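This report walks through one model, site by site. Please keep the sequence and the structure in view while reading.

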Amino acid sequence: MDTGFSAEESWRHVERLASEIGSRSVGAPAVDKAADYIADQLASYGYQVERQSFPFQRYIDQGSQITVERPHQLAIGAGVMQLSAQGEVTAALVDVGLGRPSDFDAKTVKGKVALARRGGISFDEKAANAMAAGAIGLIVSNNEPGLFEGSLRTPVSIPVVAITPEDGQRLRALLNEKETVVRLAVKAHVQEGTTQNVVGTRPGDRAGAVIVGGHYDSVMAGPGANDNASGVGVALEVARALAARDYPYTVKVIAFSAEEIGHLGSRHYVSALSPKERQSIVAMINLDMVGVGNNLTVAGTGQLVAIGVDAARKAGYAAARLYGQGGGASDHTAFLDAGVPALYITWGPDPRYHSAQDKTHHVQPRLLAATGQIVLDVLKFLSNG
Ligand code: BES
Ligand code: ZN
């Protein structure tokens, strides 16, 4: 089936965004260059282009640090979590597993610093559970190599920092032997600015709109080729392919900013919708990390997930289905939270996730093409249904 989707064109967008423009961490000039590039592409396909600006705040780490005070002195590198409290606390450390409510015993956590592993539940939930149990600080150890740039969605009143899995193991090993006292120092300054979502619209004859989107910002650590120039590259090619046919619904192709610091772009977009606009959305399809890995996952609203799995099967891929938010939070969650039907498509695992190595040459055109085909097939199904 010729869908009009070109894997090469899609890959070329990834190359432009990740290799030529580079790391697109919100606050850096590269973000606006990327927005210009995306806007130009959408305009060239005949879309009406709108820039939706919104304010952001981000923490710039200025050397947050964990120091083990007892049983012996040890310095551990830590990264501040966005929206953590600042300041310094010193207390005994307590291991709280994944940080689920059942992992806490309020008696032993009160007044201490909790050490939780990443995974299972969101950082916000870990922090809320830790605070409810009386913890005065939270350390989250990564479940993948290296540090990570994590983010809370709402400000919290205790310091929350990230450490590597190796340092997590070191702390747990110490804890198993002796009482361990740590000092947690969070030093960051708040950078404020504005950034923008890029929204391309192609009006349809039928009432209702479909949204295809993905975030175009990246973490500071790397160029964000798979995360998420890949999703934007596919969304742009889907935009081009749809412009060449008669599609009944209004099509909106949206490149969200500030996903990596708490899904700010998608949340801003959803919060700015009138009830009528919100109800007119037939489906939101979020593409995040669609160019690396062997496993395809579709998540989101039940009915859309079923349609997505069928479309994947037709494209020759068996997809794992997840109902609800799916692994790794992303821009579809703002839509789901607002009751908008949403579908999240992602490939994985990506061993270079959030690293300096997340480069264009690791992104596979074949996966971009498969994703594009699935999206176009889902959209076709929705317009026939
Ligand atoms: N693309 C990732 C989400 C993801 C991670 C998908 C791993 C598949 C596998 C996204 O850009 C991201 O990193 N999200 C953050 C949350 C955000 C609020 C900082 C995350 O999942 O940690
Ligand atoms: Zn992402």
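## Burial and the model

A residue counts as buried when its relative accessible area is under 20%. It counts as exposed when that area is over 50%, and as partly exposed in between. His215 has a relative accessibility of 0%, so His215 is buried. The model is predicted.

## The zinc site

Which residues coordinate the zinc ion (ligand 2)? The protein donors are His215, through NE2, and Asp227 and Asp288, through OD atoms. Asp288 is listed with two OD entries. The coordination distances run from 2.0 to 2.5 Å. Along the chain, the donors follow the spacing H-x11-D-x60-D.

His215 belongs to strand β11 (residues 209-215), whereas Asp288 sits in the loop between β13 (281-287) and β14 (295-300), so this pair ties together parts that are 73 residues apart in sequence. Asp288 has a relative accessible area of 3%, so Asp288 is buried. His215 is buried too, at 0%.

Why is the arrangement around the zinc ion (ligand 2) irregular? There are 6 donor atoms, and the angles they subtend range from 53 to 167 degrees. Six donors count as octahedral only if opposite donors are over 155 degrees apart and all others lie between 65 and 115 degrees. An angle of 53 degrees falls outside those limits, so the site is classed as irregular.

## The ligand 1 pocket

How many residues surround ligand 1? The count is 15. The closest are Glu259, Glu260, Asp288, Tyr353 and His354. By class, the shell has 4 nonpolar, 6 polar and 5 charged residues. Asp288 thus appears in two settings: it is among the closest residues to ligand 1, and it coordinates the zinc ion (ligand 2).

Polar side-chain atoms of several residues approach ligand 1. For Glu259, such an atom lies 2.7 Å from an oxygen atom of ligand 1. For His354, the distance to an oxygen atom of ligand 1 is 3.0 Å. For Asp227, a polar side-chain atom lies 3.2 Å from a nitrogen atom of ligand 1. Taken alone, ligand 1 exposes 510 Å², and the protein buries 85% of that. Asp227 is also one of the zinc donors.

## A polar contact at Thr195

Thr195 lies in strand β10 (residues 188-202). Is Thr195 buried or exposed? Its relative accessible area is 3%, so Thr195 is buried. The Thr195 side chain makes a polar contact of 2.7 Å with the side chain of Ser257.

## Backbone exceptions

Most residues other than glycine have a negative phi, and most peptide bonds are trans. The following sites depart from that pattern.

The peptide bond from Arg70 to Pro71 is cis, with omega near 5 degrees. Pro71 falls in the loop between β2 (65-70) and β3 (74-77). Gly348 and Pro349 are also joined by a cis peptide bond, with omega about -5 degrees. Pro349 falls in the loop between β16 (342-348) and α11 (365-384).

Leu83 is not a glycine, yet its phi is positive, near 75 degrees. Leu83 lies in the loop between β4 (79-80) and β5 (87-95). Ala258 also has a positive phi, about 55 degrees. The loop that holds Ala258 runs between β12 (250-256) and α7 (264-271). At 0% relative accessibility, Ala258 is buried.

## Positions across the fold

Where is Val14? Val14 lies in helix α1 (residues 7-21). Its relative accessible area is 0%, so Val14 is buried. Val14 and Ile163 are 149 residues apart along the chain, and their C-alpha atoms are separated by 30 Å.

Lys276 lies in helix α8 (residues 275-279). Its relative accessible area is 69%, so Lys276 is exposed. Between Lys276 and Asn129 there are 36 Å, C-alpha to C-alpha, for a sequence separation of 147 residues.

Gly146 is in the loop between β7 (137-141) and β8 (160-163). With a relative accessibility of 27%, Gly146 is partly exposed. Gly146 and Val96 are 50 residues apart in sequence, and their C-alpha atoms lie 21 Å apart in space.

Terms used: Residues are numbered from 1 along each chain as its sequence is written. Chains are lettered from A and ligands numbered from 1 in the order in which they are written. This is a predicted model: local features need pLDDT of at least 70, side-chain atom pairs count only at pLDDT 80 or more; totals for chains, interfaces and linings use all residues. Side-chain values use heavy atoms; hydrogens and water are left out. A residue is near a molecule or strand if one of its heavy atoms lies within 4 Å of it. A polar contact is a pair of N or O atoms within 3.5 Å; within protein, one must be able to donate a hydrogen and the other to accept it, and residues adjacent in sequence count only if both atoms are side-chain atoms. Accessible areas come from the Shrake-Rupley method with a 1.4 Å probe; for residues, only the protein chains shown count as cover. Ala, Val, Leu, Ile, Met, Phe, Trp, Tyr, Cys and Pro count as nonpolar, Asp, Glu, Lys and Arg as charged, and the others, Gly among them, as polar. Donors are N, O and S atoms within 2.8 Å of the metal (3.2 Å for Na, K and Ca); water is not among the atoms, so sites may look incomplete. Four donors count as tetrahedral if all angles lie between 85 and 135 degrees; four count as square planar and six as octahedral if opposite donors are over 155 degrees apart and all others between 65 and 115; anything else is irregular. Helices (H or I, at least four residues) and strands (E, at least two) are DSSP runs, numbered from the N terminus. Buried means under 20% relative accessible area, exposed over 50%, partly exposed in between (1.4 Å probe, protein chains only).
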